[in-house]
Amino acid sequence: PAGRWTVRAPRDVADRLLLQMGRLEREELRVVLLNTKNAVLRVVTVYQGNVSSSLVRVGELFRDAVRINAAGAILVHNHPSGDPTPSPDDLHLTAEALAAGRLLDIELLDHLVIGQGRYVSFRERGLMA
C-alpha cells in the first residue's frame, strides 16, 4: 500500500517518530507492527500516560499484532523530560514484552525511547537479550 515504509535500522523508526513524539507533554507508548519483511503494517498508540509515568499491561502491547498477524513489533515511547535514558521501568517492560512476544511468536525487535531531538535504541545498546 502507498505510504508503507520499511524498517532496516532503529534510525528508520526514529526518523518517522522523533519530531512528533519528542515534543509530547505526556508519555505515550506506541507499537510499530511489522510484516515478515519488516514493512510497517501499522503504528498503534497503546497508552497515553501522565507527565512522569506510563502504566501498561503487556498484553495490550500485542493485541493489535495478534489481530493483524504481525510478525514483529517495535516499542516506542517518549520521555517528556527530554532525556531518552531508559529507566528501570523501561527495562522491566522490555523484558516482559520480550517474554510475551516469544510466547505469541511475535518478535520484539527493539524498544526506542525518544527524548527531545534524541533517542535510545535498546537493540543498539545490547539490551534486547
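The following is a conversation about how some residues and strands in this predicted model earn their labels.

Biologist: Let's begin with H77. Why is H77 called buried?

Modeller: Its relative accessibility is 2%, and buried means under 20%, so H77 counts as buried.

Biologist: What makes the link between the side chains of H77 and D90 a polar contact?

Modeller: The distance between them is 3.1 Å. The limit for a pair of N or O atoms is 3.5 Å, so the pair H77 and D90 falls within it. The side chain of H77 also makes a polar contact with the side chain of H79, at 3.2 Å.

Biologist: And which residues further along the chain does H77 touch?

Modeller: Leaving out residues up to four places away in sequence, H77 touches several, including M21, E28, D90, H111 and I114.

Biologist: H77 sits in strand β3, residues 72–78. Why is β3 described as mostly covered?

Modeller: Seven of its seven residues are buried. G72, I74, V76 and N78 point one way, while A73, L75 and H77 point the other way, and all are buried.

Biologist: How do you know that β3 pairs with β1?

Modeller: Pairing takes at least two bridges, and six join β1 (residues 28–34) to β3, so the two strands pair, and they run antiparallel. L34, for instance, stands opposite G72.

Biologist: In which sense do β3 and β4 pair?

Modeller: In the parallel sense, over seven bridges, with β4 covering residues 107–114. There N78 stands opposite I114. The chain crosses from β3 to β4 through helix α3 (residues 88–104), and this β-α-β crossover is right-handed.

Biologist: Now the interior. Which residues have the most contacts inside the largest nonpolar core?

Modeller: V31, L33, L61, F62, L75 and L108, in a core of 22 residues. Two or more residues each come from β1, β2, α2, β3, α3 and β4. Apart from this core lies another, of 16 residues, with V7, L17, M21 and L34 among them. As background, nonpolar side chains in soluble globular proteins tend to be buried together.

Biologist: Time for charges. How many salt bridges does a search of the whole structure find?

Modeller: Five. Side chains of opposite charge can pair when their charged atoms come close.

Biologist: What makes R11 and D15 a salt bridge?

Modeller: The N to O distance is 2.8 Å. The cut-off is 4 Å, so R11 and D15 qualify. Both lie in helix α1 (residues 10–22), four residues apart, about one turn of the helix.

Biologist: Why is D15 called exposed, and why is R11 called partly exposed?

Modeller: Exposed means over 50%, so D15, at 52% relative accessibility, counts as exposed. R11 has 39%, which lies between the 20% and 50% limits, so R11 counts as partly exposed.

Biologist: How do the two partners R67 and D64 compare, buried or exposed?

Modeller: R67 is exposed, at 60% relative accessibility, whereas D64 is buried, at 14%. Their closest N and O atoms are 3.9 Å apart. Being three residues apart in helix α2, R67 and D64 are separated by about one helical turn.

Biologist: Why does the pair R118 and D83 still count as a salt bridge?

Modeller: The N to O distance is given as 4.0 Å, and the definition accepts pairs within 4 Å, so R118 and D83 are included. This pair links distant parts of the chain, 35 residues apart. R118 is partly exposed at 46%, and D83 is partly exposed at 36%.

Note on methods
Residues numbered from 1 in each chain as written. Predicted model: local features only at pLDDT ≥ 70, side-chain atom pairs only at ≥ 80, totals over all residues. Heavy atoms only, no water. Buried < 20%, exposed > 50% of the residue type's maximum accessible area, 1.4 Å probe, protein only. Polar contact = N/O pair within 3.5 Å; in protein donor to acceptor, adjacent residues only side chain to side chain. Contact = heavy atoms within 4.5 Å. Right-handed = clockwise from strand over helix to strand, strands pointing away. Core = buried A, V, L, I, M, F, W, Y, C linked by side-chain atoms within 4.5 Å. Salt bridge = Lys/Arg side-chain N within 4 Å of Asp/Glu carboxyl O.
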